[in-house]
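Grab your viewer and a coffee. Here are a few exercises to work through, each with its solution spelled out step by step.

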Amino acid sequence: ELRRQISRRSIDAGCSLTPDEIVITTGGTEALNICLRAITNPGDTVAIESPTYYGLLRILELLKVKAIEVSTDPQEGLSLQALASILKKHRVAAVLVQPNFHNPLGCLMPDENKKKLVEMLSQHNIPLLEDDMYGDLPFEGNRPKLLKAYDKDENVLTCSSYSKTLSPGFRVGWTAPGKHLGKVQLLKMSTSMSTATLPQMALAEMLINGGYDKFLRRTRALHKLHMEKMMDAVRRYFPEGTKLTRPTGGMILWVEFPRGVDAIDLYRKALAKNVTVTPGPLFSPNGLYRRCVRLNCGIPWSERVDEAMITLGQIAGRMVER
């Protein structure tokens with residue numbers, strides 16, 4: 001039933017998936033893991049966005065797959081020009097992309113770029129792995145299209161999850177791996193055999209009775225409010241010259257500090273005061289983004305969060321002065 005409901009909802013993302021094309025997984029991480037195992041071998045090279053979600057980097061590391069970073073625009077996502085240049089110089093086994101509300105940049109790839117990307121990789125016969133964990137969380141308007149919507153050759157492996165939108169504890173994800181379906185099914189069986197039935201049944205019921213959509217409407221409004229408050233706090237408390245992204249969905253804010261601020265040092269000093277941020281170098285296999293941090297806007301705004309932002313600003317300010 002869950003696969004039928006995901007199939008039905010895929011229409012909103014510009015697709016026409018059938019239940020038989022979908023594999024249910026234990027969270028989005030398993031979906032990404034088994035799809036990567038299906039399309040790569042140890043020693044292969046894949047192209048990734050830069051920066052990218054550090055969880056993806058850990059999976060690549062464990063699979064002994066090398067990563068080439070592709071420059072990524074804070075508003076429009078992966079640079080197609082930069083990717084085309086890399087494909088001319090390197091033998092790439094796959095490309096990994098987060099087109100909708102990217103983690104950590106929060107960017108949304110334009111539909112025109114999505115179509116061009118799918119066509120480019122189809123011409124090269126290179127698998128395209130789509131990470132769409134945040135696609136259900138636009139602040140306004142309709143859900144953005146998937147890369148899968150432009151996939152005519154079954155070359156796109158789409159992975160998604162309800163952990164980021166509904167509840168981390170559900171641990172229910174899914175993948176539509178296109179022509180790699182058979183191999184992904186075998187890998188799922190050898191990895192965890194099947195995903196727990198009860199959470200699937202509960203989630204399917206929420207999708208059927210409209211509970212999920214009702215929850216999403218409230219969640220999107222709250223994420224937008226929390227994002228606006230976090231952005232305002234950055235402007236008020238952080239050192240002059242600090243830059244930040246302007247996401248139109250999701251729950252992630254990317255901040256670049258002026259010269260003098262080291263993200264790792266900031267992280268350690270903030271942790272000593274019980275404040276946690278994610279330092280930028282974690283989002284790059286080459287340790288880039290030393291002046292950047294990722295802020296999580298998914299938690300409710302409160303006096304405690306405001307005080308934490310003041311603390312971060314004070315620590316960063318002292319670094320700049322020094």
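Before starting, one term: two strands count as paired if DSSP finds at least two bridges between them. Keep in mind, too, that this is a predicted model.

**Exercise 1. Work out the strand order of the eight-strand sheet, and find which strands stand at its edges.**

Step 1: Trace the order, which reads β1-β8-β7-β6-β5-β2-β3-β4 in an open sheet with mixed pairing.
Step 2: Look at the ends. β1 (23–25) and β4 (77–78) each have a single partner strand, so one side of each has no neighbour in the sheet.

**Exercise 2. Follow the bridges from β2 through β5 to β6.**

Step 1: Start with β2 and β5, which run parallel and are joined by three bridges.
Step 2: Pick a residue pair: Ala47 has Val95 in β5 as its bridge partner.
Step 3: Carry on from Val95, whose bridge partner in β6 is Leu128. β5 and β6 also pair in the parallel sense, over three bridges.
Step 4: Now check the side chains of β6. Leu128 and Glu130 point one way, Leu129 and Asp131 point the other way, and all are buried.

**Exercise 3. Which residues of α3 are buried, and what do they pack against?**

Step 1: Set the cut-off: buried means under 20% relative accessible area.
Step 2: Go through α3 (residues 54–62), where Gly55, Leu56, Leu57, Ile59 and Leu60 are buried.
Step 3: Recall some helix geometry. An α-helix has 3.6 residues a turn, so residues three or four places apart point the same way.
Step 4: List the packing partners of the buried α3 residues: α2 (27–39), β2 (45–50), β3 (66–73), β5 (94–97) and β6 (128–131).
Step 5: Step just past the end of α3, and you'll meet Lys64 with a positive phi of about 60 degrees.

**Exercise 4. Classify two of the aromatic pairs.**

Step 1: Choose your descriptors. A pair of aromatic rings is described by the distance of the centres and the angle of the planes.
Step 2: There are six aromatic pairs in the structure. Take Tyr53 and Tyr54: the ring centres are 5.1 Å apart and the planes sit at 45 degrees, so this pair is tilted. Tyr54 counts as partly exposed because its relative accessibility is 26%.
Step 3: Next come Tyr162 and Tyr212, with centres 5.3 Å apart and planes at 75 degrees, so call that one edge-to-face.
Step 4: Place those two in the sequence. Tyr162 lies in the loop between β7 (156–161) and β8 (173–176), while Tyr212 belongs to helix α8 (residues 211–237), so the pair ties together parts 50 residues apart in sequence. Both Tyr162 and Tyr212 are buried.
Step 5: Return to Tyr53 and Tyr54, which form one aromatic cluster with Trp254, Phe283 and Tyr289.

**Exercise 5. Describe the four-strand sheet.**

Step 1: Read off the order β9-β10-β12-β11 in this open sheet, where the pairing is antiparallel.
Step 2: β9 (243–244) and β11 (278–279) are the edge strands, each with a single partner, so one side of each is left without a neighbour in the sheet.
Step 3: Zoom in on β10 (residues 252–256) and β12 (residues 292–296), which run antiparallel and are joined by five bridges. Leu253 has Leu295 in β12 as its bridge partner.

**Exercise 6. Is Leu186 buried or exposed?**

Step 1: Locate Leu186 in helix α6 (residues 181–191).
Step 2: Leu186 has 59% relative accessibility, so it counts as exposed.
Step 3: Add its companions: Leu186, Met189 and Met193 form a nonpolar surface patch, together giving about 340 Å² of accessible area.

Key
Residues are numbered from 1 along each chain as its sequence is written. This is a predicted model: local features need pLDDT of at least 70, side-chain atom pairs count only at pLDDT 80 or more; totals for chains, interfaces and linings use all residues. Side-chain values use heavy atoms; hydrogens and water are left out. Buried means under 20% relative accessible area, exposed over 50%, partly exposed in between (1.4 Å probe, protein chains only). Helices (H or I, at least four residues) and strands (E, at least two) are DSSP runs, numbered from the N terminus. Contact means heavy atoms within 4.5 Å. Patches are made of residues with over 30% relative accessible area and no salt bridge: like charges are joined within 9 Å, nonpolar side chains (Val, Leu, Ile, Met, Phe, Trp, Tyr) within 5 Å. Accessible areas come from the Shrake-Rupley method with a 1.4 Å probe; for residues, only the protein chains shown count as cover. A salt bridge is a side-chain nitrogen of Lys or Arg within 4 Å of a carboxyl oxygen of Asp or Glu. Rings of Phe, Tyr and Trp (its six-membered ring) pair if their centres lie within 6.5 Å; planes under 30 degrees apart count as stacked, over 60 as edge-to-face and the rest as tilted.
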